Structure formats: structure tokens, C-alpha cells
Amino acid sequence: MSKSSFGLIGLGVMGKSLALNILRNNFSLSVYNRNTDQEAHLLTDFMKENEHQDLVIGFSELKDFVHSLESPRKILLMVSAGPAVDSVIDGLITYLDKDDIIIDGGNSHYLDTEKRIAKVEEHGIQYLGCGISGGEEGALKGPSIMPGGSKKAYQNVSPVLESIAAKDASEKPCCSFVGPGGAGNFVKTIHNGIEYAEMQLIAECYEVMRHTKSNEEISDIFESWNKSDLSSYLLGITVQILRKKEGDQYLLDLILDRAANKGTGSWSSQISLGNGMATTMMTDAVFARYISAQKDRRVAISRQVKRDVNIQDIEESIIEDTYRFARIVNHQQGFALINELSNKNGWDIDLSEIARVWTNGCIIRSSLMERLIPLFREQQDLFDSKHTLEQLTQAEEAVSLYLKYVIEAKSPSPVVSSAYQYWLGITAGNLPANLLQAQRDFFGAHTYERTDSKRGVFFHTNW
Ligand code: 6PG
């Protein structure tokens, strides 16, 4: 029996779609799924659906699966992030040989990836922590892929990963080696943080408009934005979501307003907080989901709070300019966080290349992302661009009108507010942090620096 060039473990939604993508690209493939009561059908269903396909062999015994692969073996894990990844790795280690390659394609925490790298390296096994974005459709037709870890391993698996990846505007694969260690999973986590804020921003624009406009009207407005410099995958799907009907009712109006999450948004915020970075928008987007999740409590409290609400019409251009403003701030914050961790960990992440990999296949693909590619060739922070600062300054008036509107309408808009507050802070030469320092010194002798002395010289006063 001839051996397969690639192996895939886990035939859940993403694993199955990636397997089909790999087969469509003519790579021979061994697939494995564990034979538990709940999951046994995944393998049988997959093999049945692909019985005409002579490039695929299915296994429910790990040992046989491993031995069906040509050396060095290349095995993509598509199992739920967390302990399941460790248990599959533990099972694999017994059968793998030196130089074989494990690729984790799930949304793993980058610190877990670093522990796994250390563990498998003791056995001479190479490891890639590989961010994959694009959901089910992306996995099937071409996702955006962010591999990190062993560069040598990447060179071995790049023919497969680059074939299955989405292609950018110049037909280059949206797949690029991000950096060593956990860099690939880290970048995917921040992708999701940016994604959370982008989603919440669209939800806030919808919230503002739904006071006075129908779903169809809002959809038309989003559609016109989507034909401009604001176009994005998320805006495009929102146009369709707003129009979707079930019978004569809009499906969106039937969906309960309780947002769930699988954790990567909070990881991106935790990473940011732990590293002194102010990614306020993704963090507020996580909090917005958490507040939404308290549905029963919200309903109960809302019955007790009576207030005057002043709903006027708001000009569409004010919302549009505000949305444009907030998206730029969100991307500035997300990329600044990537840059910070890259510098701290010596990952040498190329921000321009990350933007390029994110121009197709992934959830946050957009025309703004296209414009960031040349920009990050010249600079490491969006706010180092005079043009960007001018653009944001010009939008200030619209953003103030938008915020005035949401305050009067008592309409929650945490992420737009957060964008504006961040902008006010980062553009303020003077902040009241002198008072914070004085308070810290007063109660805890924490010392302070003085404006009439050199930086790094600390003083204490007996207040
Ligand atoms: C992607 C998505 C994908 C997924 C996450 C988000 O890039 O394809 O980010 O990874 O949608 O699971 O999950 P939550 O919204 O449930 O946290």
C-alpha cells in the first residue's frame, strides 16, 4: 500500500473541510478520528462521502494511521483546543519518529503551544502551532493560515499549507511563516481580538440605526458602505444576515441577544493587559458580550429603570464616519499588540506580511487590510502615519455627534466610546496621571518622577 503524504486528525466541522480542501489539491491523505460512541460516525460518514476518492484512507487506530504516512510524517491536528490537544500529542509521541511534524491547527493558547514544543522536541519531533481562520467555508475553499514554531517543519509542510490557503490579490497564498515558538497561535488570537471589536462595531452601528430604520434599510446602508473603502467580509455577511427571512419574519429579530464566546477574545485582552498594552476596543468588545450574556438580569433591571429617551434621526454619514474612525483605531491597537509581543519575544513578526495574510480567507479580511500592507512596510504603528492622524482628526466631529446621539438615545455603544476615549488619551500631551502618582506616593510611598528633573529619577514626599 502506498503511503499518504499528509495526515489529519479530527473530522469535526473544520477538520472535515480542511481534509476536503487537501484532497481537492491532490495530496494523498490519511484521516483519523477516535472511535467513541459520539464520534465514530464522523469517520464512517467521511469515508462514505468520499468513497470514489482514491487519495484518502481512513483510520480509527492511531498506530495504523501513523504507519500509513510517508516520512517525515506530517500530521495536522484539528481537535478542540485545550486538553484534547495534549492527549492526542501524548498518543502520537509513542509512534512518531525523529523529524516527524505535528501541526496544531486549532485555536490554542500560544503559551500552551510553547510548552508542547518543549515537550515534543525532547523526542526530536518538530511542531507548528498554526492559526487557521475562515470558518467552515474558509477551511473548505481556502483559509488564511498563520503557522509558527519550527521553520524547518514549515519548509516541509508549506507545499500543502500554501496550496490549500486562500490567495491574495496577486495570487500569493495567504499563508506565511509567522515566527518561532507560539507566534502563529499568538497572531491568530489577536486576529480574533480584532474580530471581536469589528463585530461589535457593526452591532453598535446596527443598534444606532434600528431605532429609526428597518432591517432592509440598515442592510441597504451597510451594502453601500461595503462598496466603498469600508468593505469587509464581516460587513458583507451582515448585509445578508439583515435580509434573511424565516416565513415573513426577519430571522435576526428572532435571535436571542446573548452573545457566546469560545475564549480567544478574552485571551487577546489578557495578553494585552499582561503586557501593558491598551487594546481597549477588543477588551470592551469582550465585556459587551459578557454583559449581553446576562440576559435575565438585564431584563429584570430594565423593568426597574425608567428614563426619558430622546430618539432623533441621525445622519447616516455621521455613523459612517464614526465606523471608519473606530475601525482604524481597532487595527492600530491590534497590530501594536502584535508588534509589542514580537519585540518582547524576539519573534521578528513582519506586520506587513500579517496584513497580507489577512487580506483573504480570514474573518477580518477587508479593503482596510489591503491598505495596511504598504503602510506596515514603512512603519510599525498606524499612528506613525501623518495621513492616518489627519484622517482621525477630521472624523472627530462626526464621532462626537455620534456619541452625543447615543447618550441621548440611551443606546449602549461601548466599543465606539472606547475608540474615542483611547484617541483622546493617546493624543493628549498632558493627562491627569500626575495626580495618580501623587496619590500612590501619598498612601504607599511609591515615588514619582518630576517635570523639573530627569526621567528615571524618583522622588518621595512626606505628604
Ligand atoms: C476564524 C474565527 C474562528 C471562530 C472562533 C470565534 O478566524 O475563523 O475567529 O476561529 O469563529 O471560534 O469564536 P467565538 O466568537 O465563539 O469566541
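**Salt bridges and the ligand site in a predicted model**

Trainee: In this predicted model, which residue forms a salt bridge with R243?

Mentor: The model is predicted, not experimental in origin. The closest N and O atoms of the pair are 3.9 Å apart, and a salt bridge requires such atoms within 4 Å. The partner of R243 is E216.

Trainee: How many residues apart are R243 and E216?

Mentor: R243 belongs to helix α10 (residues 233–243), while E216 belongs to helix α9 (residues 215–225). The pair therefore links distant parts of the chain. The separation is 27 residues.

Trainee: Is R243 buried, partly exposed or exposed?

Mentor: Buried means under 20% relative accessible area and exposed means over 50%. R243 has a relative accessible area of 27%, so its class is the one in between. R243 is partly exposed.

Trainee: Which residues are joined with R243 into one network?

Mentor: First, a helical pair for contrast of place: R356 and E353 meet in a salt bridge at 2.9 Å, N to O. The network around R243 arises from salt bridges that share partners. Its other members are E216, D220 and E223.

Trainee: By about how many helical turns are E320 and R324 separated?

Mentor: Their side chains meet in a salt bridge of 3.2 Å, N to O. Both residues lie in helix α14 (residues 316–345). Because E320 and R324 are four residues apart there, the separation is about one helical turn.

Trainee: Are E320 and R324 buried or exposed?

Mentor: The cut-off for burial is a relative accessible area under 20%. E320 falls in that class, and so does R324. Both are buried.

Trainee: Which helix gives the most to the shell around the ligand?

Mentor: The ligand is surrounded by 14 residues, and the closest include K188, E195 and Y196. Five residues of the shell come from one helix, which spans residues 183–210. That helix is α8.

Trainee: How far is a polar side-chain atom of Y196 from an oxygen atom of the ligand?

Mentor: Other contacts to ligand oxygen atoms include one from a backbone N or O atom of G134, at 2.9 Å. The side chain of N192 places an N or O atom 3.0 Å from a ligand oxygen. For Y196 the distance is 2.4 Å.

Trainee: What share of the ligand's accessible area does the protein cover?

Mentor: The space taken by the ligand is the second largest pocket. On its own, the ligand has 420 Å² of accessible area. The protein covers 80% of that area.

Conventions: Residues numbered from 1 in each chain as written. Predicted model: local features only at pLDDT ≥ 70, side-chain atom pairs only at ≥ 80, totals over all residues. Heavy atoms only, no water. Helix = DSSP H or I, 4+ residues; strand = E, 2+ residues; numbered from the N terminus. Buried < 20%, exposed > 50% of the residue type's maximum accessible area, 1.4 Å probe, protein only. Near = heavy atom within 4 Å. Polar contact = N/O pair within 3.5 Å; in protein donor to acceptor, adjacent residues only side chain to side chain. Areas by Shrake-Rupley, 256 points an atom, 1.4 Å probe, with all protein chains shown as cover. 1 Å grid on protein atoms, 1.4 Å probe; cavity = no way out; pocket = protein on both sides within 12 Å on 5 of 7 lines; lining within 4 Å. Sits in = over half its atoms within 2 Å of the grid points.
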